[in-house]
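I opened this notebook to record what I looked up in one model, entry by entry. My plan was to begin with a single residue and work outward from there.

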Amino acid sequence: MADYLFDQSTVKIQLKDFFVNEKATINNFGSTVNQTFEAHVFANVIKWYKENGWTVNIINPIKNGQQVFTLKFNTRGAPFNYSYAHCEKNGYSCQIRHGLRTHTESYKDRNNKSANIVCDIVIMDDINIDYFNTDTALQNDLLIAFGEVKHMSAYAELIASFIGLVHELKPEKLRRIRTRKWARAENISCFLYVSGIMYKTAEGLVETIEKRKYDVDIYSFSNPMN
């Protein structure tokens with residue numbers, strides 16, 4: 001189903017046009033459909049910030065003396081080797097990263113082992129992480145929001161798994177937040193984005209999430225981000 005709904009070849013052309021200032025090529029957006037969908041969502045998050053009044057610039061790594069647009073499609077790799085978006089509005093700035101390792105909220109430096117998760121999309125405070133290596137994880141208090149990206153249709157267990165990720169990374173979002181007084185913050189909310197449809201069991205879980213007023217979003221082919 002998801003393969004049918006998500007047109008990889010068309011999206012690659014659209015992404016090339018979107019990142020035209022970065023001299024991006026079709027090959028920049030992955031070889032697999034899943035990779036291209038991740039690039040598509042990364043671009044959609046950038047669009048979200050632009051549409052909400054942010055000034056966004058792409059920061060590319062320097063390779064052989066030149067800036068090269070490079071997305072991260074692997075859990076391995078130091079962040080300085082990959083492109084990211086720098087966003088600024090009203091004197092405040094943040095970054096949009098792709099494939100960034102992030103500590104869980106419960107992790108403490110005194111722990112014996114690092115509790116971290118590689119997030120598909122990360123919105124983080126605007127700090128320099130060029131010194132990070134492939135195993136360095138972002139401090140959790142620097143994490144603003146994250147996105148989980150899946151090239152598939154959504155079923156109940158996937159929605160529950162995403163809520164589990166929110167519990168580990170941004171548990172404060174799982175409170176009764178979206179009441180009548182709620183207004184969307186300057187930054188995007190934590191989200192799950194699937195390329196396919198929502199099965200009925202998934203729709204049922206989303207309905208209960210909405211009733212609990214959690215500050216999260218679920219996007220799909222029929223409910224796109226922008």
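Entry 1, a residue and its contacts. Leaving aside residues up to four places away in sequence, I listed what Val122 touches in this predicted model, and I found Gln95, Ile96, Arg97, Leu100, Thr102, Leu138, Leu143, Ala145 and Phe146. Val122 belongs to strand S6, which runs over residues 116-125. I then asked whether Val122 is buried or exposed. Its relative accessible area is 0%, and because the cut-off for buried is under 20%, I entered Val122 as buried. For one of the contacts, Leu143, I also looked up the C-alpha separation from Val122, which is 7.2 Å although the two residues stand 21 residues apart along the chain.

Entry 2, the sheet. Which order do the strands take in the sheet? I wrote down S1-S4-S5-S6-S7-S8-S9, an open sheet of seven strands with mixed pairing. S1 and S9 (216-219) are the edge strands, each of them pairing on one side only. From one strand to the next, I noted an average twist of 20 degrees. Helix H3, residues 33-51, packs on this sheet and touches S1, S4, S5, S6, S7 and S8, and its direction makes about 160 degrees with that of S5. Helix H4, residues 156-169, also packs on the sheet, where it touches S5, S6, S7, S8 and S9, and I recorded about 160 degrees between its direction and that of S7.

Entry 3, pairing around S4. I looked at strand S4 (residues 84-89) for burial and found it mostly covered, with five of its six residues buried. On one pairing, S4 joins S1 (residues 55-59) in the antiparallel sense over five bridges, and here I noted Cys87 of S4 as the bridge partner of Val56. S4 also pairs with S5 (residues 92-103), again antiparallel and over five bridges, and in S5 the partner of Glu88 is Ser93. How many residues lie between S4 and S5 in their hairpin? I counted two, and I noted that Asn90, in the turn, has a positive phi of about 50 degrees.

Entry 4, a parallel pair. Strands S7 (residues 143-150) and S8 (residues 190-194) run in the parallel sense, paired over four bridges. Gly147 is the residue I found opposite Phe191 of S8.

Entry 5, aromatic rings. Phe191 came up again here, since I found it listed in one aromatic cluster together with Phe6, Phe37, Tyr193 and Tyr219. In the structure as a whole I noted 14 aromatic pairs. For Tyr49 and Trp54, the ring centres are 5.2 Å apart and the planes stand at 70 degrees, so I entered the pair as edge-to-face, the cut-off for that class being over 60 degrees. Both partners are buried, Tyr49 with a relative accessible area of 0% and Trp54 with one of 5%.

Entry 6, charges over rings. Which ring does the charged end of Lys47 sit over? I found that of Phe18, with the charged end 5.3 Å from the ring centre. I recorded a further case in Lys72, which lies over the face of Tyr82 at 5.9 Å from the ring centre.

Key. Residues numbered from 1 in each chain as written. Predicted model: local features only at pLDDT ≥ 70, side-chain atom pairs only at ≥ 80, totals over all residues. Heavy atoms only, no water. Phe/Tyr/Trp six-rings, centres within 6.5 Å; stacked < 30°, edge-to-face > 60°. Buried < 20%, exposed > 50% of the residue type's maximum accessible area, 1.4 Å probe, protein only. Lys NZ or Arg CZ within 6 Å of the ring centre and 35° of its normal. Pairing = 2+ DSSP bridges. Contact = heavy atoms within 4.5 Å. Axes fitted to C-alpha atoms, helices over the stretch in contact; angles between N-to-C directions.
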